[in-house]
Amino acid sequence: MLRTDTPVTVYRKDYTPPAFAIDHVDLVLDLDPQRTVVTSTLKIQRTGTADAPLVLAGEELELVGVRLDGQPFSGVKQDGDSLTLTGLPGTGTLEITTACNPAANTTLSGLYVSNGNFFTQCEAEGFRRITYFLDRPDVMTTYRVTLRADRAASPVLLSNGNLLSQRDLPDGKHEAVWEDPFRKPSYLFALVAGKLERIEQTIVSASGKQKLLQVWVEPQDLDKTRHAMDSLVHAIRWDEQRFGLELDLDRFMIVAVGDFNMGAMENKGLNIFNTKYVLANAQTATDVDFANIESVVAHEYFHNWTGNRVTCRDWFQLSLKEGLTVFRDQEFSADMMGSESGRAVKRIEDVRVLRQVQFPEDAGPMAHPVRPDSYEEINNFYTVTVYEKGAEVVRMYQTLLGRDGFRKGMDLYFQRHDGQAVTCDDFRAAMADANGRDLKQFGLWYSQAGTPVVTVKTAWDGASGTLTLTLSQRCPKVGIETRAGMPDKQPFHIPFALGLIDAEGNDLPLQREGEPKAGASTRVLDFTQAEQTFRFINLPRGGKAPLPSLLRNFSAPVVVDYEYSDAELTFLLSHDTDAFNRWEAGQRLATRALLHLVADVQANRELKLDPALVSAFRSVLTDGALNPAFREQALMLPAEAYLAERMGVADPTAIHRARLFLREGLARTLKAEWLAAYEANATPGEYSPDADSMARRALRNLALGYLADSGDADMQALADRHYQQSDNMTDRFAALSALVNSFAPGREHALADFYERFEDDALVIDKWFSLQGMQRGEVGPHAGKRTIDTVRALMQHPAFNLRNPNRARSLIFSFCSGNPAQFHAEDGSGYAFWADQVLALDAINPQVAARLARVMDRWQKYEMPLRERMRAALERVAASSTLSRDVREIVSKALSA
Ligand code: B3K
Ligand code: ZN
């Protein structure tokens, strides 16, 4: 049974401006773990009608007192999570005193304690857990913050902006006063207090100003901060060069905390980060960790302009800052790769995430447009749709307008809106106006959900050298769109990039009908109608039709439906000049082969290795001219979750068997080639996280994984040596994974050794848990032991802690969402475990619990009896009488879909 009280839905159409402006906030916080007293002095100004009350939001607060212009004020009503003040004058000074309990705050939203230090997290609605406030992004204010705390327990006191003064107080306390000169919404407020140490560096900005940069961490982690600092400097330089945007504050701080709900937070001048996205050195972090840190540090820094200087009018506009900032960090990371092939690898990685995670979201019960129209809990809408599809939408502007046109649009956006809280429509208007383009239809990308499918048909007239392409698009209603009364969907404006390739593999110069002569060989078509025809003329006459290379560089977030033959895909894999599409051709081939194998598994037919696929893999593997990072991408098989989405009815066990069969087959058949790639890509000398070395390690370690999967004793011994001899975490962890997943004899010993070596390093121990959560079930001679048993046992390990989100994610999430074949065990044991953990987590931290709840989104896609068992688990969670709003929204949407 669902709870009977109706959940409150917030609608975008109901937006109304606030009744009051707050011109300035003066906050005084007496920090105490059990009882922190906050005095907030607000300069208020009425902006709405004369009798409108001031309604402030507040959660879990003890109200101590309210004064108006220095006198006790009695027109106050406390009601649930709000404080209503009536009879206020047009302007005045309101002083509100409250108390909260940071040590008891396990939600990690608002003010909380982690390992004895104080931290805040205010986005989206955490500031109301610190004081009563107009806690909405369109109320922008200047802040002055006074922090008082015990000097010994909290020697460091940080907040946004500039440090004005610091002094000692009686009773072993001290005080610091900070002032942020820029107006900001409350979600960007932050404070940090505790025992922390820093590295720092000064740089001179483009316009010649001195800037102080700091990275603050717990003392034992100081030797893991260099990479974050370097990443920050690179990000600052890149934004100056690419967008002419400079750091506006004199000081910019990054602080790392071990208990954090997500990756990081862009608080003005005081970014707070999950340790996972700050701490790295060769011994403890992998190449992927290094790259993630670079990207997240840049992302939060870029928010200073896209998010902070120009912010969101309301939370429905979240993608205004998130989609744009993800696009910026993607472009930054691509540029940091330092080569064209490196850029392509970054693009492949980003598209892989989009397809593996966002496409399913867009087809499931939580489907929503990039700018949602309603929500029950806003924290549930920090989604891959808002972030990653939002970034694709921003990328499409650049594809349509060109880099220079996009820059003009950005310049106009800041010229118009600096210091304001605005909407996605304002951004689109700046892009359109700066370029004299009509982008009205393009706006549908913000309002319609779902992944469009583009079907391509070609007709070749060899006599005249004319190729006619007919493109049609469809995007059925999804999620909320299917409810009665929702409008019909309109065709999207799709920038469709393509090229045509001749029989020798050359790109043909392209002339569209109506153009005087041939031009560039990659063209971006404005595909705006349900069905549209495009004609290319004066192509070489006679002979075969040129081969189309469709949706180059993945120019729009759509699915392309075109019937390539295997031979054509093999040809594209070795000849397309568009590196993304070379990879794409390989993925299509592998997906096709895998889906055939899945059908064979289901029908109990003998499994056979497809020789064409083996030879396609061989040619990529042995092509020394290709960037090793590209080869790694091309040789990675499509993920099980991706294959599940490609099936009408998903069968996780069959998928796993098919994929493992192919992996082992490729491992054995190409053993010599894998071994040669392994040998050729060593990176002798000291570890360095540069693009070239990372690329070589990536291919070498992929080869090692395949080799171990061959099951050959000599190859498992190789993995053992690789483990023992590695001098960095990338190699060591790759070897450990190979040993664990291939059930090599050295497995248990290596797992124990790894734990012992890194016992004191939380982030490395997270890896140890996560690897075991994702390990394959034991098969063949080892059959019998299920991964769920290992996971349940690890929950009892002294190092496991449900309250720490990183640890919870490392074991529980890795099993529930990173191990489909084991999670979907036919007996339903995975689902029961999921329900237990969602309920346990919800009592501690609703945001983390709601993320875990999303694992069941696609329950209707599974075969019986899995589907019924998943539904039962969802119903068990939904029946709880104490569910948070966060989890309730997720499970009730899943059940009503
Ligand atoms: N803006 C934050 C995310 C806040 C999530 C709140 N539930 C991090 C980021 O996107 O940069
Ligand atoms: Zn962001």
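**Ligand surroundings, helix packing and backbone geometry**

The shell of residues around ligand 1 consists of 6 nonpolar, 4 polar and 5 charged residues. The structure described here is a predicted model. Of the 15 residues that surround ligand 1, the ones that come nearest are Glu123, Glu266, Glu300, Asn379 and Tyr387. Three elements of secondary structure each contribute at least two residues to this shell: strand E20 (264-265), helix H2 (287-302) and helix H3 (318-336).

Polar contacts to ligand 1 involve both nitrogen and oxygen atoms of the ligand. A nitrogen atom of ligand 1 lies 2.8 Å from a polar side-chain atom of Glu266. In the case of His299, an N or O atom of the side chain is 3.1 Å from an oxygen atom of ligand 1. For Glu322, the corresponding separation between a side-chain N or O atom and an oxygen atom of ligand 1 is 2.9 Å. Ligand 1 taken alone exposes 340 Å², and 94% of that area is buried by the protein.

Two pairs of helices were examined for their packing. In the first pair, helix H10 (residues 611-622) and helix H11 (residues 628-635) have axes that come within 9 Å and cross at roughly 165°. Angles over 145 degrees count as roughly antiparallel, and H10 and H11 are therefore roughly antiparallel to each other. The crossing in which H10 passes H11 is left-handed.

In the second pair, helix H21 (residues 805-818) packs against H24 at an angle of about 15°, and the two axes are 11 Å apart. Because angles under 35 degrees count as roughly parallel, H21 is described as roughly parallel to H24. H21 and H24 cross in a right-handed manner.

The backbone was also examined for features that depart from the usual geometry. Most peptide bonds are trans, and most residues other than glycine have a negative phi. Against this background, the peptide bond leading from Glu123 to Ala124 is cis, with omega near 0°. Ala124 belongs to the loop between strand E11 (117-121) and strand E12 (141-150). Glu123, on the other side of this bond, is also one of the residues that come nearest to ligand 1.

Another cis peptide bond, with omega about 0°, joins Met864 and Pro865. The loop that holds Pro865 runs between helix H24 (846-853) and helix H25 (866-878). Helix H24 is thus named twice in this account, since H24 also packs with H21.

A further feature concerns phi. Asn553, a residue other than glycine, has a positive phi near 55°. Asn553 is placed in the loop between strand E30 (547-550) and strand E31 (559-561).

Terms used:
Residues are numbered from 1 along each chain as its sequence is written. Chains are lettered from A and ligands numbered from 1 in the order in which they are written. This is a predicted model: local features need pLDDT of at least 70, side-chain atom pairs count only at pLDDT 80 or more; totals for chains, interfaces and linings use all residues. Side-chain values use heavy atoms; hydrogens and water are left out. A residue is near a molecule or strand if one of its heavy atoms lies within 4 Å of it. A polar contact is a pair of N or O atoms within 3.5 Å; within protein, one must be able to donate a hydrogen and the other to accept it, and residues adjacent in sequence count only if both atoms are side-chain atoms. Accessible areas come from the Shrake-Rupley method with a 1.4 Å probe; for residues, only the protein chains shown count as cover. Helices (H or I, at least four residues) and strands (E, at least two) are DSSP runs, numbered from the N terminus. Ala, Val, Leu, Ile, Met, Phe, Trp, Tyr, Cys and Pro count as nonpolar, Asp, Glu, Lys and Arg as charged, and the others, Gly among them, as polar. Axes are lines fitted to C-alpha atoms, for helices over the stretch in contact, and angles run from 0 to 180 degrees between N-to-C directions. Angles under 35 degrees count as roughly parallel, over 145 as roughly antiparallel, 65 to 115 as roughly perpendicular and the rest as oblique. A crossing is left-handed if the near helix is turned anticlockwise from the far one by less than a right angle, and right-handed if clockwise.
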